[in-house]
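The following exercises concern a single predicted model. Please study each task before reading its solution.

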Amino acid sequence: MRRKDRLVSDRASILDIISRADSCRLGLVDSSGPRPRPYVVALNFGFSPDPDRFWLHCAKVGRKIDLIRQNPLVCLELDVDHQLVTGPAACDWGMAFASVIAEGSATIVTDPDEQIFGLDRLMDHYRGGSATGGYNPAHLAATAVIRIDISELSAKRKLPPTAAD
């Protein structure tokens, strides 16, 4: 990370950013054409620690699934605390924020118990508590669950200026 002054290194703060994010952006590489190109899509997510894993869901067919099968290496980005910072000159403007970047490997989960576990983590994230079961079997049959095993997890924060600045 170039700006070491923005590095968030303590685990509790990183987990706090993850817990407050309402979506993530999943970055994939599309190598199907004449040249590789990036593909990014916003998704809902769940998270489970120890080991760090993100959980996503989507339809069983489509571009995301195809790209994960081509190349399982992915990147996730989450951000919160957006605040526009203004100033007298254009270069004084900016944005306060906190963000997490996670790099890892995606697996399309096939084990039914692990699929439920992953979906429960999504529900935990959005309901703010322990979720279990209650899934319509027809919906489960049409849903892919993706587990992202994290190899690198980093975070940074740019605070808004204070009155003393």
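**Exercise 1.** Determine whether Leu84 is buried or exposed, and state which surface patch includes this residue.

*Solution.* Step 1: the relative accessibility of Leu84 is 51%. Step 2: a residue counts as exposed when this value is over 50%. Leu84 therefore counts as exposed, at 51% relative accessibility. Step 3: in the chain, Leu84 belongs to strand β6, which covers residues 73-85. Step 4: together with Trp93 and Met95, Leu84 forms a nonpolar patch on the surface. The accessible area of these three residues together is about 320 Å².

**Exercise 2.** Classify Asp30 as buried or exposed, and describe its surroundings.

*Solution.* Step 1: locate Asp30 in strand β2, residues 24-30. Step 2: its relative accessible area is 4%, and the limit for a buried residue is under 20%. Asp30 is therefore buried, at 4%. Step 3: leaving aside residues up to four places away in sequence, Asp30 touches Arg35, Pro36, Arg37, Arg63, Leu67 and Gln70. Step 4: a polar contact of 2.5 Å joins the side chains of Asp30 and Ser32.

**Exercise 3.** Establish where Ser105 lies in the chain and which residues it touches.

*Solution.* Step 1: Ser105 is part of strand β7, residues 94-109. Step 2: with a relative accessible area of 28%, Ser105 is partly exposed, because this class lies between 20% and 50%. Step 3: apart from residues up to four places away in sequence, Ser105 touches Pro72, Arg147, Ile148 and Asp149. Step 4: Arg25 is 80 residues from Ser105 in sequence, and their C-alpha atoms are 15 Å apart in space.

Definitions and conventions. Residues numbered from 1 in each chain as written. Predicted model: local features only at pLDDT ≥ 70, side-chain atom pairs only at ≥ 80, totals over all residues. Heavy atoms only, no water. Helix = DSSP H or I, 4+ residues; strand = E, 2+ residues; numbered from the N terminus. Buried < 20%, exposed > 50% of the residue type's maximum accessible area, 1.4 Å probe, protein only. Polar contact = N/O pair within 3.5 Å; in protein donor to acceptor, adjacent residues only side chain to side chain. Contact = heavy atoms within 4.5 Å. Patch = residues over 30% accessible without salt bridge, like charges linked within 9 Å, V, L, I, M, F, W, Y side chains within 5 Å. Areas by Shrake-Rupley, 256 points an atom, 1.4 Å probe, with all protein chains shown as cover. Salt bridge = Lys/Arg side-chain N within 4 Å of Asp/Glu carboxyl O.
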